[in-house]
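This report looks at a metal site and the pocket of a protein model. Please keep the sequence and the structure in view while reading.

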Amino acid sequence: MEIITLGNELLRQKAERIIKIDAEVTKIAEELLVTLHQGKGVGLAGPQVGLMKRIFVVHIDQDLPRVFINPVILETSAETVKYEEGCLSIPGVWVEVIRPKTLRVQAWNEQGRSFTQEAEGILARVILHEYDHLEGTLFIDRLSELKRNRILAKLKKRQGV
Ligand code: NI
(Lines give C-alpha, C1' and ligand atoms only; values in the text may rest on other atoms or scores of the structure.)
Protein backbone atom coordinates (compact mmCIF):
# COMPACT_ATOMS: atom_id res chain seq x y z
CA MET A 1 0.00 0.00 0.00
CA GLU A 2 1.13 3.52 -0.70
CA ILE A 3 0.67 6.32 1.80
CA ILE A 4 -0.93 9.44 0.37
CA THR A 5 0.10 12.84 1.65
CA LEU A 6 -1.30 16.28 2.39
CA GLY A 7 -2.89 17.81 -0.69
CA ASN A 8 -4.61 14.57 -1.72
CA GLU A 9 -8.34 15.23 -1.34
CA LEU A 10 -9.02 11.70 -0.07
CA LEU A 11 -7.45 12.71 3.24
CA ARG A 12 -10.28 15.22 3.60
CA GLN A 13 -13.15 12.80 3.05
CA LYS A 14 -15.16 10.84 5.58
CA ALA A 15 -14.56 7.09 5.50
CA GLU A 16 -17.41 4.59 5.23
CA ARG A 17 -18.44 1.94 7.73
CA ILE A 18 -17.28 -1.57 7.00
CA ILE A 19 -20.38 -3.72 6.52
CA LYS A 20 -18.85 -7.14 6.87
CA ILE A 21 -15.60 -8.19 8.51
CA ASP A 22 -14.47 -10.92 6.16
CA ALA A 23 -11.20 -12.31 4.80
CA GLU A 24 -10.78 -9.23 2.64
CA VAL A 25 -10.92 -6.94 5.67
CA THR A 26 -8.46 -9.18 7.53
CA LYS A 27 -6.10 -8.85 4.59
CA ILE A 28 -6.52 -5.07 4.57
CA ALA A 29 -5.64 -4.97 8.29
CA GLU A 30 -2.50 -7.03 7.65
CA GLU A 31 -1.43 -4.82 4.77
CA LEU A 32 -2.06 -1.67 6.81
CA LEU A 33 0.24 -3.04 9.51
CA VAL A 34 2.96 -3.86 6.97
CA THR A 35 2.70 -0.34 5.56
CA LEU A 36 2.73 1.13 9.08
CA HIS A 37 5.93 -0.75 9.91
CA GLN A 38 7.57 0.27 6.64
CA GLY A 39 6.73 3.88 7.42
CA LYS A 40 8.03 3.45 10.98
CA GLY A 41 4.85 4.98 12.33
CA VAL A 42 2.65 4.10 15.31
CA GLY A 43 -0.73 4.37 13.62
CA LEU A 44 -2.22 4.20 10.13
CA ALA A 45 -5.81 4.68 8.95
CA GLY A 46 -7.52 3.45 5.78
CA PRO A 47 -7.86 6.90 4.17
CA GLN A 48 -4.08 7.34 4.39
CA VAL A 49 -3.67 4.64 1.76
CA GLY A 50 -6.68 5.93 -0.20
CA LEU A 51 -8.99 3.30 1.26
CA MET A 52 -12.12 5.12 2.41
CA LYS A 53 -13.13 2.57 5.05
CA ARG A 54 -13.44 2.96 8.81
CA ILE A 55 -10.40 0.97 9.83
CA PHE A 56 -7.10 1.88 11.45
CA VAL A 57 -4.19 0.03 12.97
CA VAL A 58 -2.03 0.98 15.94
CA HIS A 59 1.32 -0.46 16.94
CA ILE A 60 3.24 1.20 19.75
CA ASP A 61 6.71 -0.09 20.63
CA GLN A 62 6.53 -3.37 22.55
CA ASP A 63 2.71 -3.54 22.54
CA LEU A 64 0.83 -5.95 20.32
CA PRO A 65 -0.50 -4.43 17.11
CA ARG A 66 -4.18 -3.51 17.35
CA VAL A 67 -6.82 -3.24 14.67
CA PHE A 68 -9.84 -0.94 15.08
CA ILE A 69 -12.78 -1.45 12.73
CA ASN A 70 -15.81 0.91 12.81
CA PRO A 71 -14.52 2.52 16.02
CA VAL A 72 -16.74 4.66 18.20
CA ILE A 73 -15.21 7.01 20.76
CA LEU A 74 -17.55 6.50 23.72
CA GLU A 75 -15.96 8.94 26.10
CA THR A 76 -13.05 11.35 26.37
CA SER A 77 -11.71 13.02 29.49
CA ALA A 78 -12.19 16.73 30.04
CA GLU A 79 -8.59 16.80 31.12
CA THR A 80 -6.32 17.42 28.15
CA VAL A 81 -2.64 16.96 27.50
CA LYS A 82 -0.21 18.53 25.05
CA TYR A 83 2.19 16.24 23.20
CA GLU A 84 4.27 16.28 20.06
CA GLU A 85 2.56 14.60 17.11
CA GLY A 86 3.43 13.68 13.57
CA CYS A 87 1.64 11.95 10.71
CA LEU A 88 2.85 9.65 7.92
CA SER A 89 0.70 11.73 5.55
CA ILE A 90 2.43 14.98 6.57
CA PRO A 91 6.06 13.86 6.63
CA GLY A 92 8.64 15.90 8.47
CA VAL A 93 6.19 17.88 10.60
CA TRP A 94 6.21 17.42 14.37
CA VAL A 95 4.17 19.74 16.50
CA GLU A 96 2.47 19.80 19.88
CA VAL A 97 -1.25 19.04 19.77
CA ILE A 98 -3.73 19.27 22.65
CA ARG A 99 -6.02 16.25 23.06
CA PRO A 100 -8.05 14.56 25.81
CA LYS A 101 -5.87 12.64 28.23
CA THR A 102 -7.92 9.45 28.38
CA LEU A 103 -10.71 7.83 26.39
CA ARG A 104 -12.94 4.83 26.00
CA VAL A 105 -13.40 3.33 22.55
CA GLN A 106 -15.51 0.52 21.16
CA ALA A 107 -14.55 -1.21 17.93
CA TRP A 108 -14.28 -4.58 16.20
CA ASN A 109 -11.03 -6.40 15.62
CA GLU A 110 -9.95 -8.16 12.42
CA GLN A 111 -11.65 -11.34 13.60
CA GLY A 112 -14.97 -9.56 13.86
CA ARG A 113 -14.94 -9.50 17.64
CA SER A 114 -16.31 -6.41 19.39
CA PHE A 115 -14.21 -4.91 22.16
CA THR A 116 -14.20 -1.88 24.41
CA GLN A 117 -10.95 -0.39 25.54
CA GLU A 118 -9.81 2.34 27.87
CA ALA A 119 -6.71 4.19 26.82
CA GLU A 120 -4.37 6.85 28.10
CA GLY A 121 -0.97 8.24 27.23
CA ILE A 122 0.41 7.60 23.77
CA LEU A 123 -2.22 4.97 22.99
CA ALA A 124 -5.07 7.43 23.61
CA ARG A 125 -3.32 10.02 21.47
CA VAL A 126 -2.77 7.65 18.57
CA ILE A 127 -6.36 6.36 18.69
CA LEU A 128 -7.72 9.94 18.56
CA HIS A 129 -5.31 10.89 15.78
CA GLU A 130 -6.27 7.85 13.68
CA TYR A 131 -9.97 8.29 14.41
CA ASP A 132 -9.65 11.83 13.08
CA HIS A 133 -8.38 10.40 9.77
CA LEU A 134 -11.68 8.49 9.39
CA GLU A 135 -13.47 11.84 9.66
CA GLY A 136 -11.22 13.61 7.17
CA THR A 137 -9.53 15.58 9.93
CA LEU A 138 -5.77 16.06 10.16
CA PHE A 139 -3.78 16.97 13.25
CA ILE A 140 -2.90 20.36 11.79
CA ASP A 141 -6.63 21.17 11.95
CA ARG A 142 -6.34 20.99 15.73
CA LEU A 143 -3.81 23.81 15.87
CA SER A 144 -4.43 27.53 16.02
CA GLU A 145 -4.85 29.13 12.61
CA LEU A 146 -1.59 30.99 13.08
CA LYS A 147 0.38 27.81 13.79
CA ARG A 148 -1.33 25.91 10.98
CA ASN A 149 -0.59 28.63 8.43
CA ARG A 150 3.01 28.72 9.52
CA ILE A 151 3.33 24.97 8.91
CA LEU A 152 1.55 25.11 5.55
CA ALA A 153 3.84 27.95 4.44
CA LYS A 154 6.89 25.92 5.47
CA LEU A 155 5.63 22.86 3.57
CA LYS A 156 4.95 24.93 0.46
CA LYS A 157 8.46 26.31 0.55
CA ARG A 158 9.90 22.83 0.98
CA GLN A 159 8.00 21.60 -2.08
CA GLY A 160 9.26 24.59 -4.00
CA VAL A 161 5.75 25.74 -4.90
NI1 NI B 1 -1.93 10.67 10.68
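## Nickel site

H129 is buried, at a relative accessible area of 5%, and H133 is likewise buried, at 1%, where buried means under 20% relative accessible area with a 1.4 Å probe and protein chains only. The model is a predicted one, in which local features need pLDDT of at least 70 and side-chain atom pairs count only at pLDDT 80 or more, while totals for chains, interfaces and linings use all residues. Residues are numbered from 1 along each chain as its sequence is written, and side-chain values use heavy atoms, with hydrogens and water left out.

The protein donors of the nickel ion are C87 (SG), H129 (NE2) and H133 (NE2), at 2.0 to 2.2 Å from the ion; donors are N, O and S atoms within 2.8 Å of the metal (3.2 Å for Na, K and Ca), and sites may look incomplete because water is not among the atoms. Along the chain these donors follow the spacing C-x41-H-x3-H. Because H129 and H133 are four residues apart in helix α2, about one helical turn separates them; helices (H or I, at least four residues) and strands (E, at least two) are DSSP runs, numbered from the N terminus.

## Surroundings of E85

E85 belongs to strand β4 and counts as buried at 4% relative accessibility. Leaving aside neighbours within four places in sequence, E85 is in contact (heavy atoms within 4.5 Å) with residues including W94, R99, R125 and H129.

Conventions. Buried < 20%, exposed > 50% of the residue type's maximum accessible area, 1.4 Å probe, protein only.
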